Amino acid sequence: MTTPTSMFSPALVGPAMRDAVRKLNPRELMRNPVMFTTACVALLLTVLLALGDPGLSLGFEIQLVAWLWLTVLFGTFAEALAEGRGRAQAASLRATKAELRAKLMLGVGETYEIVAASQLEKGEIVLVETGDLIPADGEVIEGVASVNEAAITGESAPVIREAGGDRSAVTAGTRVISDRVKVRVTAEPGQGFLDRMIALVEGAERRKTPNEIALTILLVGLTIIFLIAVATIPGFAS
């Protein structure tokens, strides 16, 4: 399976920087109340600086505005980078699926023809030899082979797949590293492991962990307290 692009590669960082600027749209920022408040304060101070408010200390305020905008941009950049990583993984899976070829058995001796894996139907039999990628989810019906399943399990050690028993199931995109087997396709077109993974990566939104939810609530509460404190300071000062 094609290795996904590394997190900080130019292919991800470049688009993420553009998306980070796009995410400064208030509609995008409102999804994160804390970041939205920070952006509003940064914008307000920027306007006051542009108007030349005599009540502001120029050097200090410029530093403050710069740090606020950097905070907002860092937040939007991190979010855009995570989204780009997901898109890269989906593209990698699609590329792997598009490259898969199958040795479809013709039912006459050991003859076969090479077809695209996407053309395989449930119940058809394919031959997979040393070095071949398994073209579809299926069940070994003949032979024994050592299979590298690191692409789906992360485990570098090969596993044995053989006909019969509970070690006969194989997954599309894994590679046979020794011997040969015949595999009966068990998945309908478009419903295999790779198809489900692509749909999961492209369509699912990552759920926040309980710790992240608690932290978000805490930050929102502190932000509200901060705003109330800042709004009441002039009254107390006067």
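1. Let's start with surface. In this predicted model, the protein chain exposes about 14,700 Å², and carbon and sulfur atoms supply 63% of that area. Of the chain's 238 residues, 29% count as buried.

2. On the overall layout, you will find 7 helices and 7 strands in the protein chain. Reading from the N terminus, the order of elements is α-α-α-α-β-β-β-β-α-β-β-β-α-α. Taking contacts between residues at least 6 apart in sequence, 65% join residues at least 24 apart.

3. Helix 3 is a good place to zoom in. It covers residues 33–51, 19 residues in all, and spans 27 Å from its first C-alpha to its last, close to the 27 Å expected at 1.5 Å a residue. The buried residues in helix 3 are Val34, Met35, Thr37, Thr38, Ala39, Ala42 and Leu45. Just after helix 3 comes Gly52, with a positive phi of about 70 degrees.

4. Now for the interior. The largest nonpolar core has 16 residues, and the members that touch the most others are Leu120, Val126, Val128, Ile134, Val176, Val181 and Val183. At least two core residues come from each of strand 1 (101–105), strand 3 (125–128), strand 4 (138–148) and strand 7 (175–185). Strand 7 is the top contributor, giving 4 residues. Apart from this core lies another, made up of 7 residues, including Leu93, Ala172, Phe193 and Leu194.

5. Val181 deserves a look of its own. Once neighbours within four places in sequence are set aside, Val181 is in contact with Val126, Leu127, Val128, Val140, Glu142, Gly143, Val144, Ala145 and Arg161. You may want to display the last of these residues next.

6. Is Arg161, which sits in strand 5 (residues 159–162), buried or exposed? Arg161 counts as buried because its relative accessibility is 16%, and the cut-off for buried is under 20%. The side chain of Arg161 also reaches the backbone oxygen of Ala169, at 2.9 Å.

7. Which residues does Arg161 touch, not counting those up to four places away in sequence? The list includes Val140, Gly143, Val144, Ala145, Val147 and Glu149, as well as Arg167, Ser168, Ala169, Val170 and Val181. Ala169 thus appears here as a contact, and its backbone oxygen is the atom reached by the Arg161 side chain. Val181, for its part, is among the members of the largest nonpolar core that touch the most others.

How values were computed. Residues numbered from 1 in each chain as written. Predicted model: local features only at pLDDT ≥ 70, side-chain atom pairs only at ≥ 80, totals over all residues. Heavy atoms only, no water. Core = buried A, V, L, I, M, F, W, Y, C linked by side-chain atoms within 4.5 Å. Buried < 20%, exposed > 50% of the residue type's maximum accessible area, 1.4 Å probe, protein only. Contact = heavy atoms within 4.5 Å. Polar contact = N/O pair within 3.5 Å; in protein donor to acceptor, adjacent residues only side chain to side chain. Areas by Shrake-Rupley, 256 points an atom, 1.4 Å probe, with all protein chains shown as cover. Expected span 1.5 Å × (residues − 1).
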